[in-house]
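Here's a short walk through one fold, starting with a sheet and its helices and ending at a single serine. Keep the viewer open as you read.

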Amino acid sequence: MKTSLQVLLVEDDPNVRLGCEQAMQLAGIPVLSVASAEAAEKYLKPDFAGIVVTDMRLPGASGMDLLRLVRERDPDLPVIIITGHGDVTLAVEAMRNGAYDFMQKPFSTDDLVDVVRRALEKRALVLEVEALRRRLDQRDDLESRLIGRSPQMQQVRRLILDIADAGVDVLIYGETGTGKEMVARCLHDLSRAGQENYVALNCGGMADNILDSELFGHEAGAFTGAQKRRIGKIEYASGGTLFLDEVESMPMSMQIKLLRVLQERVIERLGSNHQVPVNCRVVAASKEDLKIWSEQGKFRADFYYRLNVVRIELPPLRERREDIPALYDAFLLQAAKRYNRPLPALTPEVLQRLMVQDWPGNIRELKNAADCHVLGIGKACSGIDPTVKPSLAEAVENYERLLIADEFSRQEGNIQRTADVLRTARTTLHDKLKKYGLL
């Protein structure tokens with residue numbers, strides 16, 4: 001039984017309520033008790049992880065009314081009804097309406113604990129199945145947004161699923177165009193805070209005073225032109241996610257201020273001495289390796305380690321070429337819809353040309369090439385013409401990389417098994433894995 005499960009006890013008789021509470025607490029079962037159905041309602045939110053034990057006769061709304069409310073909100077939430085002597089007819093009606101079980105007064109506390117345990121076990125099983133189904137749905141959604149079957153992208157998706165609900169601060173590292181903001185958005189959308197605000201701020205090329213106001217907000221009269229109070233990005237993101245893009249360009253003075261926010265979770269608007277509590281996840285993105293920068297004195301080490309609770313590294317496109325066909329196909333479809341143009345054929349010749357490019361602009365550059373392909377302007381737009389055939393050497397190298405990457409993924413990263421299947425020496429395979437960026 002999960003420790004997060006608890007019993008919501010609804011009983012207006014203080015003596016009965018106390019006796020039930022003590023019996024369950026002695027059995028190690030967390031219990032929360034209230035005296036009316038109206039008081040119980042505020043706890044019955046969609047994420048309530050527990051069961052309900054309620055007396056049938058209550059002041060105001062009855063136990064039957066509470067049962068109907070629970071059934072409307074969550075039909076799988078077990079409700080145990082307590083009835084008085086002579087209320088068997090009501091108990092039968094409650095069972096027909098979906099109650100899990102009923103207890104007739106007077107009852108022994110041992111019997112109550114037994115029924116409660118069974119109901120909690122059933123609830124735990126239902127919640128586990130729901131969590132598994134939700135995780136599978138999230139995985140499918142994630143695979144449609146972060147396209148790619150390469151081992152690197154499979155690892156990125158697994159990490160996102162593992163930490164999305166944890167609420168920890170995250171540092172995303174990757175070259176320009178590798179999809180850092182998409183990862184940040186996925187972290188937000190798949191978290192419990194997915195319905196709260198997602199606030200993005202690009203730290204690059206912004207003057208200190210402007211960045212200060214953007215992040216912390218200001219009071220009226222804090223500086224010339226500040227005619228009214230303004231809520232800053234951090235405060236607006238409270239309860240949700242704050243995404244700091246190009247965090248490597250953040251001035252040192254601002255790093256100190258933000259470090260304090262991350263440690264104490266309070267802010268002060270410019271022109272105010274009043275502390276405002278904030279509770280947001282911070283996701284920062286950088287195209288520079290901030291560990292190296294901190295060692296070189298270009299970035300505050302304490303700020304780096306505070307941001308780097310979890311690190312997600314996004315591979316450049318040249319190190320996951322096997323993902324190019326699926327990505328390009330998806331971008332072609334999006335572009336055809338956006339520009340209302342026919343979908344061009346994705347021929348083997350086009351794919352061969354795409355696979356041998358280095359794509360320094362990564363996914364963003366590939367997307368631009370797809371747009372140009374749909375518009376029929378090719379190299380004039382993207383600088384790359386995918387319809388030009390690759391050389392023999394390029395095509396052979398591309399085929400070798402795809403063959404190795406596919407088998408390496410199938411063997412779950414086991415070098416020896418991959419070498420055995422491909423019938424090549426382990427040392428040779430190891431060198432080629434490093435050459436193609438697969439290790």
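Which strands does helix α1 lie across, and at about what angle does it run to β2? Helix α1, residues 14-26, lies across β1 and β2, and its direction is at about 175 degrees to β2. Bear in mind that this is a predicted model.

Now for the sheet itself. It's an open one built from five strands, in the order β2-β1-β3-β4-β5, with parallel pairing. The edges belong to β2 (31-34) and β5 (101-104); each has a single partner strand, so one side of each is left without a neighbour in the sheet. On average, neighbouring strands are turned by 20 degrees against each other, direction ignored. As for what holds such a thing together, strands of a sheet pair through backbone hydrogen bonds, either parallel or antiparallel.

Let's zoom in on β3, residues 50-55, which pairs with β1, residues 6-10. On its other side in the strand order comes β4. Here are the two pairings next to each other:

| Strand pair | Bridges | Sense | Residues standing opposite |
|---|---|---|---|
| β1 and β3 | five bridges | parallel | L9 and V53 |
| β3 and β4 | four bridges | parallel | D55 and I82 |

Is β3 mostly covered or mostly open? Mostly covered: six of its six residues are buried. Helix α3 (residues 63-73) lies across this part of the sheet, touching on β1, β3 and β4 (79-83), and runs at about 160 degrees to β3. Follow the chain from β3 through α3 to β4 and you've traced a β-α-β unit, a right-handed one.

One last stop, away from the strands: where does S150 sit? Its place is in the loop between α5 (109-145) and α6 (151-163). Being in a loop doesn't tell you whether a residue is covered, so here's the number: S150 has 0% relative accessibility, and because the cut-off for buried is under 20%, it counts as buried. Which residues is S150 in contact with, once its neighbours within four places in sequence are left aside? They are R320, E322 and D323.

Note on methods:
Residues are numbered from 1 along each chain as its sequence is written. This is a predicted model: local features need pLDDT of at least 70, side-chain atom pairs count only at pLDDT 80 or more; totals for chains, interfaces and linings use all residues. Side-chain values use heavy atoms; hydrogens and water are left out. Two strands pair if DSSP finds at least two bridges between them. Helices (H or I, at least four residues) and strands (E, at least two) are DSSP runs, numbered from the N terminus. Axes are lines fitted to C-alpha atoms, for helices over the stretch in contact, and angles run from 0 to 180 degrees between N-to-C directions. Contact means heavy atoms within 4.5 Å. Buried means under 20% relative accessible area, exposed over 50%, partly exposed in between (1.4 Å probe, protein chains only). A crossover is right-handed if, with the strands pointing away from the viewer, the path from the first strand over the helix to the second runs clockwise.
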